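Colleague: I am new to reading protein models. Could you walk me through one, feature by feature?

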Amino acid sequence: MNIIEIDQKYHLQVYKRFPAVFVRGEGVYLYDEEGDKYLDFLAGIGVNALGQRHPEVVKAIKEGADELLHISNLYYTPSQALLAKKLVELSGLDKVFFVNSGSEANELALKAARRYGMQKGRFEFVALEHAFHGRTMGALSVTGKQKYKRGYKPLINGVSFVPPNDLKTFEFALTDETAAVILETIQGEGGMTVLDDDFVKGVREITQERDILLIIDEIQTGIGRTGRIFSYLHFGIKPDIVTTAKALGGGLPMGATIFSQKVASVMDFGAHGSTFGGNPLITKVALKVLDIISNEKFLKNVEEKGNYFRETLRQNVGRLDIVKEIRGKGLMVGVELKEKIIRDVAQKMFEKKILIGLSGDYTLRFLPPLIVKYEQIDIVVETLREVLSEF
Ligand SMILES: Cc1ncc(COP(=O)(O)O)c(C=O)c1O
């Protein structure tokens with residue numbers, strides 16, 4: 001049996017996969033078993049912000065492995081404390097807890113919001129239609145897409161969904177029992193919808209007035225993806241809770257939930273925990289990732305390459321009949337089509353050795369490593385133009 005056959009026989013088949021077996025990566029390129037080279041414009045769905053095997057990330061992993069692989073959260077470690085300090089400084093919030101994935105980061109955010117809300121008898125959540133917040137029971141409960149919830153009900157109760165960018169409907173959905181609102185500023189899974197400035201600012205204003213917590217899910221949008229270290233910084237707002245994961249661990253699994261002091265203060269000893277969360281190796285690597293990405297010049301470069309990517313797309317594929325809209329921020333870019341053919345387009349791109357993602361039913365998703373070069377953007381745009389012209 002070859003690797004694909006072994007996988008299909010023994011591994012739970014919950015992903016519809018493209019037929020490539022990857023064995024090596026270098027920067028923005030991946031190599032399969034046959035030695036074929038692929039240009040990766042999905043970056044492990046937004047994980048490999050610094051590309052594959054960035055030398056400084058590899059160095060941090062090796063140094064960390066030589067020092068201390070794991071110790072429980074019953075003791076202190078330097079990299080965990082320093083990473084918490086760094087995330088507090090970058091976010092403008094006050095306290096951090098480390099977990100192992102995005103779903104877990106949201107799970108903790110929801111738990112903390114319930115604890116905070118319970119002081120006033122509040123337990124409900126408001127989320128956005130098409131939102132994606134993860135696969136665990138809590139995170140799934142605030143996820144908009146019905147397909148992901150099929151067969152898992154009852155999920156947690158008290159969740160309502162409102163359309164993105166509709167402040168009136170949003171305000172109408174709030175009740176005396178609303179504990180928190182959760183949203184992504186760009187819906188990574190749900191169609192790459194970009195939230196309006198007025199909507200995000202309006203949500204912050206209304207929630208602040210009513211002491212309802214605002215949770216911003218920065219799992220896909222965070223760690224430099226949109227040209228700021230966290231995407232909410234584009235709006236000049238301060239959330240009560242921020243969740244991050246994906247790019248934070250440089251390719252190793254980690255997440256973090258960041259709290260304002262008023263929420264952190266309800267989380268006392270025993271309120272939450274994690275065996276692996278924030279282990280010494282991973283926090284050492286994350287410190288290195290943040291050091292590189294939080295540099296102002298690096299972030300400016302992401303913003304400029306993102307502008308170039310969208311502009312080049314507009315000029316070259318924006319005119320095709322099949323294309324409805326090109327949107328995004330920084331290097332989080334969506335191309336919405338008028339027909340449900342995104343899987344076929346991604347397949348054609350794959351055949352031309354370019355990896356791209358899908359978002360919702362109509363939108364192609366591009367999340368290249370943040371270290372991508374202009375000429376690699378040109379190759380992807382030109383190939384996409386060729387592929388879309390065939391439809
Ligand atoms: C916005 C957002 N939230 C949460 C998650 C869940 O993260 P994880 O798969 O690490 O649990 C994802 C994953 O794609 C995401 O994009």
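Modeller: We will go from the whole chain down to single residues. Keep in mind that this is a predicted model.

Colleague: Where do I begin? How many helices and strands does the protein have?

Modeller: Begin with the inventory. The protein has 13 helices and 15 strands.

Colleague: Next, overall form. What does the radius of gyration tell me here?

Modeller: Set it beside the value for a compact globule. For 391 residues that would be near 21 Å, and the protein has 21 Å, so the two agree. You can also look at the box that the C-alpha atoms fill. Along the principal axes, it is roughly 60 × 55 × 45 Å.

Colleague: What share of the residues is buried?

Modeller: Of the 391 residues, 49% count as buried. Then ask how far along the sequence the contacts reach. Take contacts between residues at least 6 apart in sequence: 73% of them join residues at least 24 apart.

Colleague: Now domains. Which stretches belong to which domain?

Modeller: Read the bounds carefully, as a domain may be written in pieces. Domain 1 covers 3–53 + 296–389, and domain 2 covers 56–293. Their C-alpha centres lie 25 Å apart. In the contact, domain 1 takes part with 24 residues and domain 2 with 28 residues.

Colleague: Which elements of domain 1 give two or more residues to the side that touches domain 2?

Modeller: They are α11 (296–316), β11 (323–329), β12 (332–337) and β15 (363–366). The largest share, five residues, comes from α11. Check the chemistry of that side of domain 1 too. Its residues divide into 10 nonpolar, nine polar and five charged.

Colleague: How do I read a sheet? What is the strand order in the one with seven strands?

Modeller: Walk across it from edge to edge. The order is β4-β10-β9-β8-β7-β5-β6, the pairing is mixed, and the sheet is open. β4 (95–99) and β6 stand at the edges with a single partner strand each, so each has one side without a neighbour in the sheet. Then look at the turn between neighbours. Direction ignored, neighbouring strands are turned by 20° against each other on average.

Colleague: Can we zoom in on one pair? How many bridges join β9 to β10?

Modeller: Four bridges join β9 to β10 (residues 255–259), and the two strands run antiparallel. For one facing pair, find V242, which stands opposite I258 in β10.

Colleague: What should I look for in the backbone angles?

Modeller: Look for exceptions. Most residues other than glycine have a negative phi, and most peptide bonds are trans.

Colleague: Where is there a cis peptide bond?

Modeller: Go from K153 to P154: that bond is cis, with omega near 5°. P154 sits in the loop between α6 (137–141) and β6 (159–162).

Colleague: And which residues have a positive phi without being glycine?

Modeller: M192 is one of them, with phi near 55°. M192 lies in the loop between β7 (178–183) and α8 (197–209). I223 is another, with phi of about 55°. I223 belongs to the loop between β8 (213–217) and β9 (241–244).

Colleague: Both are in loops. Are they buried or exposed?

Modeller: Count C-beta neighbours inside 10 Å; 20 or more makes a residue buried. M192 has 28, so M192 counts as buried. I223 has 30, so I223 counts as buried too.

Notes
Residues are numbered from 1 along each chain as its sequence is written. This is a predicted model: local features need pLDDT of at least 70, side-chain atom pairs count only at pLDDT 80 or more; totals for chains, interfaces and linings use all residues. The radius of gyration is taken over C-alpha atoms; the globule rule is 2.2 Å times the number of residues to the power 0.38. A residue is buried if 20 or more other C-beta atoms lie within 10 Å of its own, exposed if 12 or fewer, and partly exposed in between; C-beta atoms are placed from the backbone. Two residues are in contact if their C-beta atoms, placed from the backbone, lie within 7 Å. Domain bounds come from an automatic or database domain assignment. Ala, Val, Leu, Ile, Met, Phe, Trp, Tyr, Cys and Pro count as nonpolar, Asp, Glu, Lys and Arg as charged, and the others, Gly among them, as polar. Two strands pair if DSSP finds at least two bridges between them. Axes are lines fitted to C-alpha atoms, for helices over the stretch in contact, and angles run from 0 to 180 degrees between N-to-C directions.
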